[in-house]
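Here's a quick walk through this model. Have the sequence and the coordinates open as you read.

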Amino acid sequence: MSIAHTQGGGRWLGLYVIAYLVFLYLPVLLIPLFSFNNSIQAAFPLQGFTLQWYATLYGNTVLSGALVNSLVIATIAATGATLCGITVSYMDLYGRSPLAATISAVARLPILIPGVIVGISLLILINLIGLGPSRIAIVLGHILVALPTTVVIMRSRFAAIPKTIREAALDLGASDWTTFRRVMLPLSLPAIVSAFMLAFLISFDEFIVVFFLAGTEPTLPLYIWSQLRFPKSLPTVMALGTSILAASFVIAAIAEILRHRGLSATAPRPTDQSQAKQTKRGELQWHST
Amino acid sequence: MSTIVAAHAPGARSSSGFRVAMLLPGALVTFLLILFALGLVLFLAFRNNDGSLLGTGFSLANFATVLSDPLYWTVTLRSLIIAALVTLATVVTAYPVAYYLAFHAGRRRGLLLFLVTLPFWTSYLLRVFAWKIVLAYNGVLNSALIESGIWSEPTLAFLNTPAAVVVTLAHAYAPFAILPIYVALDTIPKSLIEAASDLGARPFTSFRRVVLPNSMPGVLAAALVVFVPTVGDYVTPALVGGPASTMIGTLIQAEFGKANDWPFGAALAVAVMLVILAVVLVARFTDRRFGSRT
């Protein structure tokens, strides 16, 4: 009776989850839908299929400049954020110093600061040190914005590697540096790739902070923002948005798969339960900080 | 034996070069880019604007203006109400999804978690833009309602309203809320729930008295990660909110842009951080009352 009851409840909940996912995805999927629509307005009824809005993306030098800018900035910022995420979380777990723990806590602080305040604080800083709004300023800003993500991913990854492996390496005479480079880094490679890809996406899509830090060369989100004022360029923005969404989905999907595969591949598994606990601990830190 | 143990004591063999190299990148970023930069905002908030980068003199004039001008009270209150509504809507709609993931999803759990987190990694600007085309006067919703014969005239009532801001933000931050709640639900020992039903609790009673209180740390964490970015948001009000839904983030952005009064903008930012700090402290206090397991 009780089991039947919960199963019935589960079915209703299942329907709710489907409705929720529809709500989650439907507005975003309208962008690709109308990007193929032969009309300057995003409205029903659909006017027929066209690729002309995608054609307008070609030969647009401002757009391609912004794209290159975004790709370069995202690559450098993701490299920086991943490097910081690796070192900060490694020292937090194994450095055993209050300084390392403080750095790790502060690195996750940007989650509790609205983007607009991160933006203005960096704007003041880069003007003070004489850099001014520039691509380097954007890179610094994006390292900061992506840092909580890379720290949380790397920290849960390092925590999931059995302590005995690192201890064995040290026992066998490997130096700290060798242990880190030859043992711990290879074991966490999937997480490193995942952290890099997600940091890349964060930087590539970031708007709130970059708004304050960009000089004369816009990034792709800033280009989109500048086009939103013109009703005429709406279809072009939708075509561009569709391309960005498609790329984001693919990169994020690979990153998520790598992150979970990495977590389950080397987690200790005397029983299924302890393996689940490792995963949970990682996810817990991700959201409670 | 004892020498071996000593040699293995953590830190005993740590070369200082390794430690410095490993601590340096994080120390630079956290102390310079986060703490020093935030310190600059605090410093600037007490300065007078003279057009120079760091202002001049020391005074409380900026804070006096923030506190005395009703405009800032109105806008701050509006930001708080909008952020509170968004947080409430996000958490309440996310809870059943998290509950399903934790207790009913079975083999579909991995796939569903994946589907729920995926939008998190797509462009925030594009997600807001999607709502702009949905709510516009000649947009998706109006045209769909007319096509289906429900309405005969398009309405201006959707776009440029505070309600549009709430819906858009609730949608944009939806993925943030599910995972913390899911983790909290998933870590409740199953024996607790079994004990409740063994002792005669009906399913709803055991949910209300056992599951819900035990999941509160996750609910609070979810509320926090939604509340903080929404209270300072300026993109959504600008795109779908119209003049009636100016938020505090909009004002800060304007002071560092068109209005060009950085010290005053910094004072507004400090005020927002104090409000967020108060909210975080209340959440921490509530968390402890529920007996945090996080």
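What is the mean pLDDT of chain B, and what share of its residues reach 70 or more? The mean pLDDT (the predictor's confidence in each residue, from 0 to 100) is 85, and 94% of chain B's residues get to 70 or more. Residues 1-12 of chain B are another story: pLDDT there is below 50, and beyond near neighbours in sequence this stretch has seven contacts in the model, a contact being two residues whose C-beta atoms, placed from the backbone, lie within 7 Å. Where pLDDT is low, don't read the predicted coordinates in detail. For the complex, the predictor gives an ipTM of 0.86 and a pTM of 0.85.

This is a predicted model, where local features need pLDDT of at least 70 and side-chain atom pairs count only at pLDDT 80 or more, while totals for chains, interfaces and linings use all residues. Residues are numbered from 1 along each chain as its sequence is written, with chains lettered from A and ligands numbered from 1 in the order in which they are written.

Chain A has 13 helices and zero strands (DSSP runs, H or I of at least four residues for helices, E of at least two for strands). Of its 289 residues, 47% are buried, meaning 20 or more other C-beta atoms lie within 10 Å of the residue's own, with C-beta atoms placed from the backbone.

UniProt's unreviewed entries, whose annotations may be inferred rather than shown by experiment, label these stretches:

| UniProt label | Residues | Helix | Strand | End C-alpha distance |
|---|---|---|---|---|
| domain: ABC transmembrane type-1 | 67-255, chain A | 79% | 0% | 21 Å |
| transmembrane region | 79-103, chain B | 100% | 0% | 36 Å |
| transmembrane region | 262-283, chain B | 100% | 0% | 31 Å |

How values were computed: Buried ≥ 20, exposed ≤ 12 C-beta atoms within 10 Å, placed from the backbone.
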